[in-house]
Amino acid sequence: MFIRCAFLTLLVSAILLGAAGSRAQGPGAAAGPQIGVPPAQGRPAPPRPQQYSVSDGGTTETLESIAIPPKAGAPFTLTLQTEWVKTLYDGGTITLVNQRKIARDVNGRIYQERWYIVPKTGKMKSQMTTIQISDPNAHTHYNCFMLEEPKICVLGSFAPTTNAVYNHEGPPAGPLPNDMGNSIHDELGKQLTSGVETVGYRISTTYNPGVFGNDMNLTVSKEFWYSPQLGINLISKRSDPRFGVQTFTVTNLILAEPDPKLFELPEGYKVEDRRATTQPEDE
């Protein structure tokens, strides 16, 4: 009888203590640890897994512009208009454009701006990404990145000298080596382009099946109007079934010494020297 009464007393005490604990936590409080709240002591919560957005496939393309040799004694300033038309499988086209400033002084130094190519009919505005300054006498080439932080100009080596000759004619006319195909050259005569005499050429190169994984003949044609006075193409048009039609047109051509400030590094930029230890030899 005594044992049964003692047991009942302990049971009632436990019930009363539990009710008091619930009242101390307030209405609606949950007994025990809450879900999502780590305990004050014990093992830490596991780290959240890293997540990445990925996509299979896709391509990266780079548009090659006109070549500017470091020719001395033929200064100019110009604007280069670029248009790139790519034909889609459904018959539509994508047209991308930009324009950029190029200059060369009497000593052969070259100033070039690089701008994003943007949709021709879109609302996106192009931005200048890079300023490039090349010096054939000091053998230096600067890339100053306009949209990056910190503001730096990367210094590299520039091998061509003022005696360098740039060949625009491509592969010689006739059969290509290793039975790759055939090249045909046509002269288009002479004409004035931006007030300068130019000589026109058309080069059509047909590649046999299998050269690029192609299952039929593939023809790449290039038409350009070359200025012997300046050593550059004032009009250049390349048609390639793989990449579309790329057209480069020189406008606003000024045959005079450019502003010398163009060849100064942008204000506030630091130089990061990435040249090799050996310097190129004069040609």
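A residue is called buried when its relative accessible area is under 20%, exposed when that area is over 50%, and partly exposed in between. This rule serves throughout the tour, which follows a predicted model.

**First stop: the disulfide**

Please select Cys144 and Cys153. These two residues form a disulfide, with their sulfur atoms 2.0 Å apart, and the structure holds one such bond. A disulfide is a covalent bond between the sulfur atoms of two cysteines. The torsion about the S-S bond of Cys144 and Cys153 is about 110°, so the disulfide is right-handed. Are the two cysteines buried or exposed? Cys144 has a relative accessible area of 0% and is therefore buried; Cys153, also at 0%, is buried as well.

**Second stop: Pro69**

Next, select Pro69, which is placed in the loop between helix 1 (2-25) and strand 1 (76-87). Pro69 counts as buried because its relative accessibility is 5%. Which residues does Pro69 contact, leaving aside its neighbours within four places in sequence? They are Arg104, Ile110, Tyr166, Gly231 and Ile232. Now add Leu230 to the selection: it stands 161 residues from Pro69 along the chain, yet the C-alpha atoms of the two are separated by 8.9 Å.

**Third stop: strands 1, 12 and 13**

Display strand 13, residues 244-254, together with strand 1; the two run antiparallel and are joined by eight bridges. Within strand 13, Ile254 is the residue opposite Thr77. Then bring in strand 12, residues 232-240, which also runs antiparallel to strand 13 and is joined to it by six bridges. Here Arg238 stands opposite Gln246 of strand 13. Strands 12 and 13 form a hairpin, with three residues between them.

**Fourth stop: aromatic rings and charges**

The count of aromatic pairs comes to two. One of them consists of Tyr207 and Phe212, in an edge-to-face arrangement with 4.9 Å from centre to centre and 70° between the planes. How do the two partners fare in accessibility? Tyr207 is buried, because its relative accessible area is 16%, whereas Phe212, at 41%, counts as partly exposed.

Keep Phe212 selected and add Arg242, whose charged end sits over the ring of Phe212 at 4.2 Å from its centre. To finish, select Trp84 and Lys86: Lys86 lies over the face of Trp84, at 4.6 Å from the ring centre.

Conventions
Residues are numbered from 1 along each chain as its sequence is written. This is a predicted model: local features need pLDDT of at least 70, side-chain atom pairs count only at pLDDT 80 or more; totals for chains, interfaces and linings use all residues. Side-chain values use heavy atoms; hydrogens and water are left out. Helices (H or I, at least four residues) and strands (E, at least two) are DSSP runs, numbered from the N terminus. Buried means under 20% relative accessible area, exposed over 50%, partly exposed in between (1.4 Å probe, protein chains only). Contact means heavy atoms within 4.5 Å. Two strands pair if DSSP finds at least two bridges between them. Rings of Phe, Tyr and Trp (its six-membered ring) pair if their centres lie within 6.5 Å; planes under 30 degrees apart count as stacked, over 60 as edge-to-face and the rest as tilted. A charge sits over a ring if NZ of Lys or CZ of Arg is within 6 Å of the ring centre and within 35 degrees of the ring normal. A disulfide is a pair of cysteine sulfur atoms within 2.5 Å.
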